[in-house]
Amino acid sequence: MLLTLLIISLLASAAMGAVYNLTKEPIDLAKGAKKTLAIQRVAPAFDNHPGEENFSVAADGDSVYFYIARKGNDTVGYAAETFSNKAFGGTLKLLVGFSPDGTINDIAVLEHKETPGLGDKMTKAKSDWSYQFNGKNPGNYKLQVKKDGGDVDAITASTITSRAYCDAVQRAYDALKKGGKQ
Amino acid sequence: MSQLKHVTKGFLKENPTFVLFLGLCPTLGTTGSAINGLGMGLATTAVLTLSNVFIALFSKYIPDKVRIPSFIVIIASFVTIVDLLMSAYTNTPGPHGEPSLYDNLGIFIPLIVVNCIVLGRAEAFAAKNSVLPSLLDGIGIGLGFSFALTLLGTVRELLGNGSFFGHKFIQGDGMLIFIMAPGAFLALGYLIMIMNKLKKKLANS
(Lines give C-alpha, C1' and ligand atoms only; values in the text may rest on other atoms or scores of the structure.)
Protein backbone atom coordinates (compact mmCIF):
# COMPACT_ATOMS: atom_id res chain seq x y z
CA MET A 1 0.00 0.00 0.00
CA LEU A 2 2.67 2.47 1.06
CA LEU A 3 4.91 1.17 -1.66
CA THR A 4 2.32 1.84 -4.36
CA LEU A 5 1.83 5.39 -3.21
CA LEU A 6 5.59 5.85 -3.00
CA ILE A 7 6.14 4.55 -6.52
CA ILE A 8 3.35 6.72 -7.94
CA SER A 9 4.73 9.80 -6.18
CA LEU A 10 8.26 9.01 -7.42
CA LEU A 11 7.08 8.59 -11.01
CA ALA A 12 5.01 11.76 -10.79
CA SER A 13 7.87 13.83 -9.38
CA ALA A 14 10.25 12.49 -12.04
CA ALA A 15 7.79 13.47 -14.78
CA MET A 16 7.34 16.93 -13.29
CA GLY A 17 11.07 17.41 -12.94
CA ALA A 18 11.56 16.54 -16.58
CA VAL A 19 8.85 18.95 -17.75
CA TYR A 20 10.20 21.66 -15.45
CA ASN A 21 13.64 21.33 -17.01
CA LEU A 22 12.20 21.38 -20.51
CA THR A 23 10.04 24.45 -19.93
CA LYS A 24 12.42 26.44 -17.72
CA GLU A 25 14.06 28.25 -20.61
CA PRO A 26 10.86 29.09 -22.56
CA ILE A 27 9.22 30.31 -19.33
CA ASP A 28 12.12 32.64 -18.54
CA LEU A 29 12.17 33.84 -22.14
CA ALA A 30 8.44 34.55 -22.13
CA LYS A 31 8.68 36.41 -18.81
CA GLY A 32 11.66 38.44 -19.99
CA ALA A 33 9.97 39.29 -23.29
CA LYS A 34 6.83 40.34 -21.45
CA LYS A 35 8.79 42.67 -19.18
CA THR A 36 10.80 44.19 -22.03
CA LEU A 37 7.59 44.71 -24.02
CA ALA A 38 5.92 46.46 -21.10
CA ILE A 39 8.97 48.67 -20.49
CA GLN A 40 9.16 49.53 -24.19
CA ARG A 41 5.63 50.87 -24.03
CA VAL A 42 6.40 53.41 -21.29
CA ALA A 43 10.13 54.23 -21.21
CA PRO A 44 12.04 56.41 -23.70
CA ALA A 45 13.71 54.38 -26.49
CA PHE A 46 16.56 52.24 -25.13
CA ASP A 47 19.01 49.61 -26.35
CA ASN A 48 19.90 47.70 -23.18
CA HIS A 49 17.97 45.03 -21.28
CA PRO A 50 16.19 47.00 -18.53
CA GLY A 51 14.70 43.77 -17.16
CA GLU A 52 18.20 42.87 -16.00
CA GLU A 53 19.18 46.27 -14.61
CA ASN A 54 16.90 47.08 -11.77
CA PHE A 55 16.77 48.32 -8.21
CA SER A 56 14.00 48.68 -5.68
CA VAL A 57 12.98 51.40 -3.26
CA ALA A 58 10.95 50.59 -0.17
CA ALA A 59 7.61 52.41 -0.09
CA ASP A 60 4.62 52.03 2.24
CA GLY A 61 5.38 48.51 3.39
CA ASP A 62 6.15 47.29 -0.13
CA SER A 63 8.67 48.17 -2.81
CA VAL A 64 8.66 50.10 -6.05
CA TYR A 65 10.84 48.36 -8.65
CA PHE A 66 12.80 50.41 -11.13
CA TYR A 67 14.13 49.23 -14.47
CA ILE A 68 16.88 51.36 -15.94
CA ALA A 69 16.66 52.20 -19.64
CA ARG A 70 20.00 53.08 -21.24
CA LYS A 71 21.08 54.09 -24.69
CA GLY A 72 24.79 53.53 -25.09
CA ASN A 73 26.23 54.73 -21.78
CA ASP A 74 23.54 57.30 -21.01
CA THR A 75 20.61 56.64 -18.73
CA VAL A 76 17.62 57.74 -20.81
CA GLY A 77 14.94 56.90 -18.30
CA TYR A 78 13.35 54.56 -15.81
CA ALA A 79 10.32 52.31 -15.76
CA ALA A 80 8.83 52.07 -12.29
CA GLU A 81 6.61 49.19 -11.25
CA THR A 82 4.39 50.87 -8.70
CA PHE A 83 1.17 50.13 -6.88
CA SER A 84 -1.73 51.62 -4.94
CA ASN A 85 -3.88 50.00 -2.30
CA LYS A 86 -6.49 52.75 -2.51
CA ALA A 87 -8.17 51.41 -5.62
CA PHE A 88 -11.84 50.45 -5.77
CA GLY A 89 -11.05 46.75 -6.10
CA GLY A 90 -7.85 45.32 -4.67
CA THR A 91 -4.37 46.43 -5.63
CA LEU A 92 -3.71 48.56 -8.68
CA LYS A 93 -0.35 48.05 -10.38
CA LEU A 94 1.10 50.50 -12.88
CA LEU A 95 4.29 50.72 -14.87
CA VAL A 96 5.33 54.38 -15.07
CA GLY A 97 8.02 55.49 -17.50
CA PHE A 98 10.12 58.47 -16.35
CA SER A 99 12.76 60.60 -17.98
CA PRO A 100 15.86 61.00 -15.77
CA ASP A 101 14.54 64.37 -14.49
CA GLY A 102 11.28 62.79 -13.32
CA THR A 103 9.04 63.83 -16.22
CA ILE A 104 6.42 61.19 -16.96
CA ASN A 105 6.98 59.61 -20.34
CA ASP A 106 4.07 57.19 -20.46
CA ILE A 107 2.06 54.94 -18.14
CA ALA A 108 0.71 51.41 -18.58
CA VAL A 109 -1.68 49.52 -16.33
CA LEU A 110 -0.19 46.16 -15.32
CA GLU A 111 -2.90 44.81 -13.09
CA HIS A 112 -6.26 46.07 -11.87
CA LYS A 113 -9.60 44.86 -10.61
CA GLU A 114 -11.64 48.01 -11.27
CA THR A 115 -15.22 47.92 -12.49
CA PRO A 116 -15.56 47.24 -16.23
CA GLY A 117 -17.01 50.30 -17.99
CA LEU A 118 -16.15 52.71 -15.17
CA GLY A 119 -12.74 52.37 -13.52
CA ASP A 120 -11.20 50.45 -16.38
CA LYS A 121 -11.30 53.63 -18.49
CA MET A 122 -7.84 54.24 -17.03
CA THR A 123 -6.48 51.60 -19.43
CA LYS A 124 -5.48 52.80 -22.89
CA ALA A 125 -7.64 50.17 -24.55
CA LYS A 126 -10.79 51.81 -23.09
CA SER A 127 -10.17 55.56 -23.19
CA ASP A 128 -7.59 58.29 -23.72
CA TRP A 129 -7.82 59.42 -20.11
CA SER A 130 -4.30 58.33 -19.08
CA TYR A 131 -2.59 60.38 -21.83
CA GLN A 132 -3.06 63.56 -19.77
CA PHE A 133 -0.09 62.47 -17.62
CA ASN A 134 2.37 62.21 -20.49
CA GLY A 135 5.05 64.92 -20.46
CA LYS A 136 4.05 66.21 -17.02
CA ASN A 137 6.58 66.50 -14.21
CA PRO A 138 5.07 65.70 -10.80
CA GLY A 139 7.51 68.27 -9.36
CA ASN A 140 5.28 71.08 -10.67
CA TYR A 141 2.15 69.12 -11.58
CA LYS A 142 -0.09 68.29 -8.65
CA LEU A 143 -0.94 64.58 -8.86
CA GLN A 144 -4.39 64.87 -7.37
CA VAL A 145 -7.83 65.02 -8.92
CA LYS A 146 -9.30 68.50 -9.37
CA LYS A 147 -11.93 67.77 -6.74
CA ASP A 148 -9.07 67.45 -4.21
CA GLY A 149 -7.33 70.57 -5.45
CA GLY A 150 -4.93 68.92 -7.91
CA ASP A 151 -4.35 69.15 -11.66
CA VAL A 152 -5.78 65.83 -12.82
CA ASP A 153 -9.13 65.43 -14.56
CA ALA A 154 -10.82 62.47 -12.86
CA ILE A 155 -12.64 59.76 -14.80
CA THR A 156 -16.36 60.47 -14.65
CA ALA A 157 -17.99 58.35 -11.93
CA SER A 158 -14.63 56.80 -11.03
CA THR A 159 -13.04 59.29 -8.65
CA ILE A 160 -11.72 56.52 -6.41
CA THR A 161 -9.95 54.84 -9.32
CA SER A 162 -8.54 58.18 -10.47
CA ARG A 163 -7.26 58.92 -6.96
CA ALA A 164 -5.62 55.49 -6.73
CA TYR A 165 -4.00 56.03 -10.13
CA CYS A 166 -2.54 59.36 -8.99
CA ASP A 167 -1.49 57.76 -5.71
CA ALA A 168 0.44 55.05 -7.56
CA VAL A 169 2.14 57.54 -9.89
CA GLN A 170 3.02 59.80 -6.96
CA ARG A 171 4.52 56.83 -5.11
CA ALA A 172 6.67 56.01 -8.14
CA TYR A 173 7.83 59.64 -8.40
CA ASP A 174 8.66 59.88 -4.67
CA ALA A 175 10.58 56.61 -4.85
CA LEU A 176 12.47 57.85 -7.91
CA LYS A 177 13.44 61.07 -6.10
CA LYS A 178 14.52 59.00 -3.08
CA GLY A 179 16.51 56.30 -4.79
CA GLY A 180 16.81 57.15 -8.46
CA LYS A 181 20.27 58.65 -8.32
CA GLN A 182 21.97 55.26 -8.17
CA MET B 1 -18.56 2.46 -33.16
CA SER B 2 -20.06 1.71 -29.77
CA GLN B 3 -17.01 3.40 -28.19
CA LEU B 4 -17.94 6.67 -29.86
CA LYS B 5 -20.78 7.26 -27.42
CA HIS B 6 -18.17 7.94 -24.72
CA VAL B 7 -17.10 10.99 -26.70
CA THR B 8 -20.52 12.29 -27.73
CA LYS B 9 -22.22 11.92 -24.35
CA GLY B 10 -20.15 14.80 -22.96
CA PHE B 11 -21.84 17.36 -25.19
CA LEU B 12 -25.48 16.98 -24.25
CA LYS B 13 -26.47 13.88 -22.29
CA GLU B 14 -23.76 14.14 -19.62
CA ASN B 15 -22.48 17.64 -20.18
CA PRO B 16 -20.52 18.47 -17.02
CA THR B 17 -21.72 22.07 -16.88
CA PHE B 18 -25.29 22.01 -18.17
CA VAL B 19 -26.41 18.59 -16.89
CA LEU B 20 -24.11 17.35 -14.12
CA PHE B 21 -23.44 20.87 -12.72
CA LEU B 22 -19.84 19.98 -11.92
CA GLY B 23 -16.88 22.36 -11.89
CA LEU B 24 -18.96 25.50 -11.66
CA CYS B 25 -16.21 27.56 -9.99
CA PRO B 26 -13.96 27.81 -13.07
CA THR B 27 -17.09 27.92 -15.24
CA LEU B 28 -18.26 31.14 -13.61
CA GLY B 29 -14.80 32.55 -13.01
CA THR B 30 -13.13 32.25 -16.40
CA THR B 31 -15.90 32.87 -18.91
CA GLY B 32 -15.68 36.66 -19.15
CA SER B 33 -14.61 36.18 -22.76
CA ALA B 34 -14.91 33.34 -25.26
CA ILE B 35 -11.18 32.84 -25.65
CA ASN B 36 -10.66 32.52 -21.88
CA GLY B 37 -13.47 29.97 -21.66
CA LEU B 38 -11.99 27.98 -24.52
CA GLY B 39 -8.49 28.11 -23.01
CA MET B 40 -9.74 26.93 -19.64
CA GLY B 41 -11.81 24.17 -21.26
CA LEU B 42 -8.89 22.87 -23.30
CA ALA B 43 -6.52 22.95 -20.31
CA THR B 44 -9.05 20.93 -18.31
CA THR B 45 -9.51 18.54 -21.25
CA ALA B 46 -5.76 17.87 -21.37
CA VAL B 47 -5.61 17.13 -17.63
CA LEU B 48 -8.78 15.05 -17.71
CA THR B 49 -7.71 12.90 -20.66
CA LEU B 50 -4.19 12.27 -19.37
CA SER B 51 -5.26 11.51 -15.80
CA ASN B 52 -8.09 9.24 -17.02
CA VAL B 53 -5.64 7.21 -19.14
CA PHE B 54 -3.08 6.86 -16.36
CA ILE B 55 -5.64 6.03 -13.71
CA ALA B 56 -7.18 3.38 -15.96
CA LEU B 57 -3.68 1.97 -16.52
CA PHE B 58 -2.73 1.77 -12.85
CA SER B 59 -6.03 1.37 -11.06
CA LYS B 60 -5.75 -2.41 -10.70
CA TYR B 61 -2.39 -2.07 -8.93
CA ILE B 62 -3.60 0.60 -6.50
CA PRO B 63 -4.99 -0.71 -3.20
CA ASP B 64 -8.37 0.67 -2.26
CA LYS B 65 -7.11 2.47 0.85
CA VAL B 66 -4.71 4.76 -1.01
CA ARG B 67 -6.93 5.12 -4.07
CA ILE B 68 -7.89 8.78 -3.54
CA PRO B 69 -4.37 10.00 -2.57
CA SER B 70 -2.91 8.19 -5.59
CA PHE B 71 -5.48 9.73 -7.92
CA ILE B 72 -4.81 13.18 -6.49
CA VAL B 73 -1.04 12.75 -6.99
CA ILE B 74 -1.58 11.74 -10.61
CA ILE B 75 -4.02 14.58 -11.29
CA ALA B 76 -1.85 17.16 -9.51
CA SER B 77 1.17 16.15 -11.59
CA PHE B 78 -0.68 16.66 -14.83
CA VAL B 79 -2.07 20.00 -13.65
CA THR B 80 1.46 21.14 -12.80
CA ILE B 81 2.70 20.00 -16.21
CA VAL B 82 -0.11 21.86 -18.00
CA ASP B 83 0.55 24.94 -15.84
CA LEU B 84 4.26 24.89 -16.72
CA LEU B 85 3.56 24.44 -20.41
CA MET B 86 0.99 27.24 -20.43
CA SER B 87 3.28 29.66 -18.62
CA ALA B 88 5.92 28.89 -21.24
CA TYR B 89 3.83 29.08 -24.41
CA THR B 90 0.66 31.10 -23.75
CA ASN B 91 2.26 33.94 -21.83
CA THR B 92 2.60 36.49 -24.65
CA PRO B 93 0.66 39.73 -24.13
CA GLY B 94 -1.60 41.11 -26.87
CA PRO B 95 -0.54 43.86 -29.30
CA HIS B 96 -1.90 46.66 -27.07
CA GLY B 97 -0.56 45.16 -23.87
CA GLU B 98 -3.66 43.14 -23.06
CA PRO B 99 -2.97 40.44 -20.47
CA SER B 100 -1.91 37.06 -21.87
CA LEU B 101 -4.12 33.96 -21.71
CA TYR B 102 -1.97 32.65 -18.85
CA ASP B 103 -2.47 35.89 -16.89
CA ASN B 104 -6.22 35.87 -17.57
CA LEU B 105 -6.73 32.32 -16.35
CA GLY B 106 -4.37 32.92 -13.43
CA ILE B 107 -5.26 30.95 -10.32
CA PHE B 108 -7.82 28.80 -12.15
CA ILE B 109 -5.15 26.68 -13.85
CA PRO B 110 -3.59 25.34 -10.61
CA LEU B 111 -7.14 24.98 -9.29
CA ILE B 112 -7.97 22.37 -11.96
CA VAL B 113 -6.55 19.91 -9.44
CA VAL B 114 -9.58 20.39 -7.19
CA ASN B 115 -12.04 20.51 -10.07
CA CYS B 116 -14.58 17.87 -9.19
CA ILE B 117 -15.01 16.86 -12.85
CA VAL B 118 -11.48 15.46 -12.96
CA LEU B 119 -11.61 13.44 -9.74
CA GLY B 120 -15.23 12.57 -10.46
CA ARG B 121 -14.40 10.98 -13.81
CA ALA B 122 -11.38 9.23 -12.28
CA GLU B 123 -13.54 7.68 -9.57
CA ALA B 124 -16.71 7.05 -11.51
CA PHE B 125 -15.27 5.98 -14.84
CA ALA B 126 -11.51 5.53 -15.26
CA ALA B 127 -11.05 3.38 -12.16
CA LYS B 128 -13.63 0.88 -13.44
CA ASN B 129 -12.90 0.84 -17.16
CA SER B 130 -10.02 -0.03 -19.46
CA VAL B 131 -7.70 2.45 -21.13
CA LEU B 132 -9.47 3.11 -24.44
CA PRO B 133 -12.93 3.92 -23.03
CA SER B 134 -11.27 6.07 -20.34
CA LEU B 135 -9.34 7.99 -22.98
CA LEU B 136 -12.52 8.58 -24.98
CA ASP B 137 -14.43 9.49 -21.83
CA GLY B 138 -11.77 12.07 -20.94
CA ILE B 139 -11.87 13.57 -24.42
CA GLY B 140 -15.68 13.57 -24.49
CA ILE B 141 -16.28 15.10 -21.08
CA GLY B 142 -13.39 17.53 -21.62
CA LEU B 143 -14.71 18.72 -24.97
CA GLY B 144 -18.21 18.97 -23.51
CA PHE B 145 -16.78 21.18 -20.76
CA SER B 146 -14.85 23.27 -23.32
CA PHE B 147 -18.00 23.60 -25.42
CA ALA B 148 -20.01 24.79 -22.42
CA LEU B 149 -17.34 27.26 -21.32
CA THR B 150 -16.83 28.63 -24.83
CA LEU B 151 -20.59 29.02 -25.31
CA LEU B 152 -20.98 30.79 -21.98
CA GLY B 153 -17.93 32.94 -22.69
CA THR B 154 -19.23 33.85 -26.16
CA VAL B 155 -22.65 34.84 -24.82
CA ARG B 156 -21.15 36.93 -22.01
CA GLU B 157 -18.66 38.60 -24.32
CA LEU B 158 -21.32 39.32 -26.96
CA LEU B 159 -23.69 40.93 -24.47
CA GLY B 160 -21.17 42.46 -22.13
CA ASN B 161 -18.48 43.74 -24.45
CA GLY B 162 -20.10 43.68 -27.90
CA SER B 163 -17.34 41.53 -29.33
CA PHE B 164 -16.88 38.01 -30.67
CA PHE B 165 -13.57 36.28 -29.79
CA GLY B 166 -12.05 39.71 -29.20
CA HIS B 167 -13.33 41.27 -32.45
CA LYS B 168 -15.36 44.29 -31.48
CA PHE B 169 -18.40 45.16 -33.55
CA ILE B 170 -20.00 47.93 -31.49
CA GLN B 171 -18.67 51.25 -30.22
CA GLY B 172 -18.09 51.61 -26.51
CA ASP B 173 -19.32 49.14 -23.91
CA GLY B 174 -22.09 46.56 -23.96
CA MET B 175 -24.27 45.43 -21.09
CA LEU B 176 -21.43 45.38 -18.61
CA ILE B 177 -23.17 43.28 -16.00
CA PHE B 178 -22.61 40.25 -18.19
CA ILE B 179 -18.83 40.35 -17.88
CA MET B 180 -19.08 40.86 -14.12
CA ALA B 181 -19.82 38.06 -11.66
CA PRO B 182 -23.64 38.37 -11.52
CA GLY B 183 -23.79 38.12 -15.31
CA ALA B 184 -22.09 34.73 -15.12
CA PHE B 185 -24.96 33.37 -13.06
CA LEU B 186 -27.58 35.03 -15.27
CA ALA B 187 -26.09 33.77 -18.51
CA LEU B 188 -25.51 30.28 -17.12
CA GLY B 189 -29.10 30.11 -15.86
CA TYR B 190 -30.55 31.02 -19.24
CA LEU B 191 -28.22 28.65 -21.07
CA ILE B 192 -29.27 25.78 -18.78
CA MET B 193 -32.89 26.64 -19.51
CA ILE B 194 -32.29 26.50 -23.27
CA MET B 195 -30.34 23.25 -22.91
CA ASN B 196 -33.14 21.61 -20.92
CA LYS B 197 -35.64 22.68 -23.55
CA LEU B 198 -33.43 21.21 -26.28
CA LYS B 199 -33.03 17.95 -24.39
CA LYS B 200 -36.76 17.61 -23.92
CA LYS B 201 -37.35 18.16 -27.61
CA LEU B 202 -34.74 15.54 -28.48
CA ALA B 203 -36.28 13.06 -26.05
CA ASN B 204 -39.77 13.58 -27.48
CA SER B 205 -38.90 13.24 -31.13
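Start by selecting residues 54-59 and 62-71 of chain A: these are strands β1 and β2, which pair in the antiparallel sense over six bridges. This is a predicted model, with an ipTM of 0.75 and a pTM of 0.80. Now zoom in on the end of the pair, where A59(A) stands opposite D62(A) of β2(A). The two strands form a hairpin with two residues between them, and D60(A) in the turn has a positive phi of about 50°.

Next, widen your selection to the whole sheet. It is an open sheet of five strands in chain A, ordered β1-β2-β3-β4-β5 with antiparallel pairing. At the edges you will find β1 and β5 (104-111), each pairing on one side only. From one strand to the next, the twist averages 25°.

For a stop inside the sheet, pick residues 74-84 and 92-98 of chain A, which are β3 and β4, joined by seven bridges in the antiparallel sense. Here Y78(A) has F98(A) of β4(A) as its bridge partner.

Now add the helices of chain A. Helix α1 (residues 2-42) packs on the sheet and touches β2, β3, β4 and β5; its direction makes about 140° with that of β5(A). Helix α2 (residues 159-179) lies across β1, β2, β3, β4 and β5, running at about 135° to β3(A).

Finally, move over to chain B, where the mean pLDDT is 87. Select α6 (residues 116-126) and α7 (residues 131-161), which pack at an angle of about 150° with their axes 11 Å apart. Their crossing is right-handed. Among the residues making the contact are F125(B) of α6(B) and F145(B) of α7(B). The contact residues divide into five nonpolar, two polar and two charged.

Methods
Residues numbered from 1 in each chain as written. Chains lettered and ligands numbered in written order. Predicted model: local features only at pLDDT ≥ 70, side-chain atom pairs only at ≥ 80, totals over all residues. Axes fitted to C-alpha atoms, helices over the stretch in contact; angles between N-to-C directions. Helix = DSSP H or I, 4+ residues; strand = E, 2+ residues; numbered from the N terminus. Left-handed = near helix turned anticlockwise from the far one by under 90°. Contact = placed C-beta atoms within 7 Å. Nonpolar A, V, L, I, M, F, W, Y, C, P; charged D, E, K, R; others polar. Pairing = 2+ DSSP bridges. pLDDT = per-residue confidence, 0-100.
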